Amino acid sequence: MAEGAEKKVKKKATLLQRRDRKGYLFILPWLVGFIVFYVRSIIQTIQFSFNTLTMDAGVGGYALSWAGLENYRYAFTVHPTFKQILTTSVMDMVIDVPLIIFFSLFMAMLLNKEFKGRGLVRAIFFLPVLMNAGAITAALDLSATMMNGGVSGEVAETAGAASDAVAFSLDYLIDMFVSIGIPAKLLDYMVSAVERINDIIRASGVQIVIFIAALQSIPSSLYEVAKIEGATTYETFWKVTFPMVMPHIITNVVYTIVDSYSTSDVVELASSTAFTNFNYGLSAVFSLVSAVVTCAILVVVVNFIQKRTFYYT
Amino acid sequence: MANVNPAARNDLTAAELKKAERAAKKEAKRVAKIQNKKKPKKGKEKRLNRSMAGNTILFTLMIICGLFMVLPLVMIINNCLKPLDELYQFPPKIFVRNPTLENFSDLFVLMNDSWVPFSRYILNTIIITLGGMLGHVICASLAAYPLAKHKFPGRDLLFSMVVLSMMFSWQVTQIPQYLIISWLGINNTYAALILPAWSFGMGLYLMKQFMEQLPDSLMESARLDGATEWTIFWKIVMPNVKPAWLTLAIFQFQQMWANTGSIFLRDEQLKPMQFALQQITAGGTRRAGAAAAVTFIIAAVPITFFLICQRNVLETMTTSGMKD
């Protein structure tokens, strides 16, 4: 009897292993492309960062000459704006990510309710994602220019900022709050949060969809139980809804960080260094350093949330 | 004779089937009516939870946020109907006064003048968009299944590689990408745009996160019934994460649709519509009317695609598929 049981366990283990080996077959088509297109390009970027790259017009290629850590030294000690842009990008991310997560969770909960025209409203909140095409942004810029009477956006912005009475009263309000004793850091955060409302709403389309899907996968029996036990809406949110969407909060945090990083100033700096200044080595350093910093943030944040995440299955 | 008989019987059964179907539809309607009658009652019960004032505040907030999002679209739609003098009106108006289709007829003139027949651009776009989207969704889902539900050596390493790779956006890896594409000899072909899209990390990441939520018991029961991994994937896993892969499809559709392919495609015959349209928009103020029409077309297609899929994405999220 005991022997039979042991045999069974052994057999099951090998079966499991065989099954898991089949997993590689499933991954294979994706993995080949991934290694060819992405891993190689990352490795090449690392290689560029240690070299000086010169274009060879005669042969039609490029030549690398070993520069060691020279590019890194230049980026950190000589380049005038890199460190500053890196810190602002990271700070922007730190401000934006929690706001986007809370906003999209809140919106998802609203959109998950039953009301007339729900489908339409959901579509509206997905619009920014759908209209994220180069030609559309160009056209919107063009129409914004037209709205300013032919003045380009930047000029209009500076002109507007110079004579803005609203900005003055905002400063006055902030001063008042500071003198009441509200920490200035918190006020700064809130002010920058308000300033970004438009960006935040525009950046949370995908997150809202993910949260809606997560909310709908919560079994209704849990809510039933909560109702029977006499839980209020508030309690139901914190004891049922929130723990159940926790795994998707991680998904969204990662998505948001990646999304906000790929449109950040650092990436812009890196690509302008490469394609307007033709300094590929330095550009590679910029993108590598900022990618490593972002990854470090990602790891810390995800670990922090993961420890507190509740997995239902 | 023997051949005719079964056919006749089939006809008979078909007629019967139709009858039965009609009856079933009637029944379904009746049930739906009853359910619809019941629903408002349920709603009233729910409404007890939150005050009217609270609801009003929440929905006002939602409407304000929604206005932010819908404004660009409203502008695009109105702009494409404005005659030229209204486009340049200052101070500008959002809504059109004398709507015309002039802009579209201007655009068609421009299209007819193009170097390559315009239908060719459309065909290119269809090939690139569909190829990139389908390949991406299938490859990402296939790879996500073992990553989410199987344990094998190197799994965590692979997954962290995926997350790392998402950090290198295309702007900064353009040069290595170009080198790889030309090394593969697929430069100046559709494949240069389609193949890299297949193995992009984001899709895999999203699919894996959703598949992890599926209860193991679903797959176990399929295995007990003798299903192979392949069958489990197509018959159990994919239908259950339908919202996830449809979301991914919409997302990827948008990305491929917005792709101008200007880096890899040199032949005019291979370039997508997006490129041709962008050229028209780049005409600046002289072509503002045609550009407004272009913007409308570019925006309209992904939105239509989204509206088609939307019901499936957001309305039918299968609950875990289990009787708890």
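**Entry 1: chain B overall.** I read chain B along its sequence and noted the pattern α-α-α-α-α-α-α-α-α-α-α-α-α-α, in a model that I keep in mind is predicted. My tally of the secondary structure for chain B is 14 helices and 0 strands. I then looked up burial, and found that buried residues account for 37% of the 324 residues in chain B. For contacts in chain B between residues at least 6 apart in sequence, I noted that 75% join residues at least 24 apart.

**Entry 2: where chain A meets chain B.** I turned to the contact between the chains, to which chain A contributes 78 residues and chain B contributes 84 residues. On the side of chain A that touches chain B, I listed the elements that give two or more residues, namely α1 (2-49), α4 (118-130), α5 (134-147), α9 (197-202), α10 (205-216), α12 (233-262), α13 (265-275) and α14 (280-308) of chain A. Of these, α1(A) gives the most, with 21 residues. I also sorted the residues of this side of chain A by character, which gave 48 nonpolar, 23 polar and 7 charged.

**Entry 3: α5 against α9 in chain B.** Next I looked at how helix α5 (residues 118-149) of chain B packs with helix α9 (residues 201-211) of chain B, and I recorded an angle of about 45 degrees with the axes 8 Å apart. I entered α5(B) as oblique to α9(B) because of that angle, and I noted that the crossing of the two helices is right-handed. From α5(B), the residues making the contact are B:H136, B:V137, B:A140, B:S141, B:A143, B:A144, B:Y145, B:L147, B:A148 and B:K149, while α9(B) supplies B:G203, B:L204, B:M207, B:K208 and B:M211. By character, the residues of this contact divide into 10 nonpolar, 3 polar and 2 charged.

**Entry 4: B:M133.** I stayed with helix α5 of chain B to look up B:M133, which is found in that helix. Is B:M133 buried or exposed? I entered B:M133 as buried, because it has 25 C-beta neighbours inside 10 Å, and the count needed for that label is 20 or more. Leaving out residues up to four places away in sequence, I found that B:M133 touches B:A249, B:Q252, B:F253 and B:M256. I also checked B:A197, which lies 64 residues from B:M133 along the chain, and the C-alpha atoms of the two are separated by 7.8 Å.

**Entry 5: α6 against α9 in chain B.** I came back to α9(B) from another side, and found that helix α6 (residues 155-166) of chain B packs with α9(B) at an angle of about 130 degrees, with their axes 9 Å apart. That angle makes α6(B) oblique to α9(B), and α6(B) passes α9(B) in a left-handed crossing. Here B:V162, B:V163, B:S165 and B:M166 of α6(B) meet B:G201, B:M202, B:L204 and B:Y205 of α9(B). I sorted the residues of this contact into 6 nonpolar, 2 polar and no charged. Looking back over both lists, I see B:L204 named in the contact with α5(B) and again in the contact with α6(B).

**Entry 6: α13 in chain B.** How many of the 9 residues of helix α13 (residues 273-281) of chain B are buried? I found 7 of them buried, and therefore wrote the helix down as mostly covered. The buried residues that I listed in α13(B) are B:M273, B:Q274, B:F275, B:A276, B:L277, B:Q278 and B:T281.

Technical notes:
Residues are numbered from 1 along each chain as its sequence is written. Chains are lettered from A and ligands numbered from 1 in the order in which they are written. This is a predicted model: local features need pLDDT of at least 70, side-chain atom pairs count only at pLDDT 80 or more; totals for chains, interfaces and linings use all residues. Helices (H or I, at least four residues) and strands (E, at least two) are DSSP runs, numbered from the N terminus. A residue is buried if 20 or more other C-beta atoms lie within 10 Å of its own, exposed if 12 or fewer, and partly exposed in between; C-beta atoms are placed from the backbone. Two residues are in contact if their C-beta atoms, placed from the backbone, lie within 7 Å. Ala, Val, Leu, Ile, Met, Phe, Trp, Tyr, Cys and Pro count as nonpolar, Asp, Glu, Lys and Arg as charged, and the others, Gly among them, as polar. Axes are lines fitted to C-alpha atoms, for helices over the stretch in contact, and angles run from 0 to 180 degrees between N-to-C directions. Angles under 35 degrees count as roughly parallel, over 145 as roughly antiparallel, 65 to 115 as roughly perpendicular and the rest as oblique. A crossing is left-handed if the near helix is turned anticlockwise from the far one by less than a right angle, and right-handed if clockwise.
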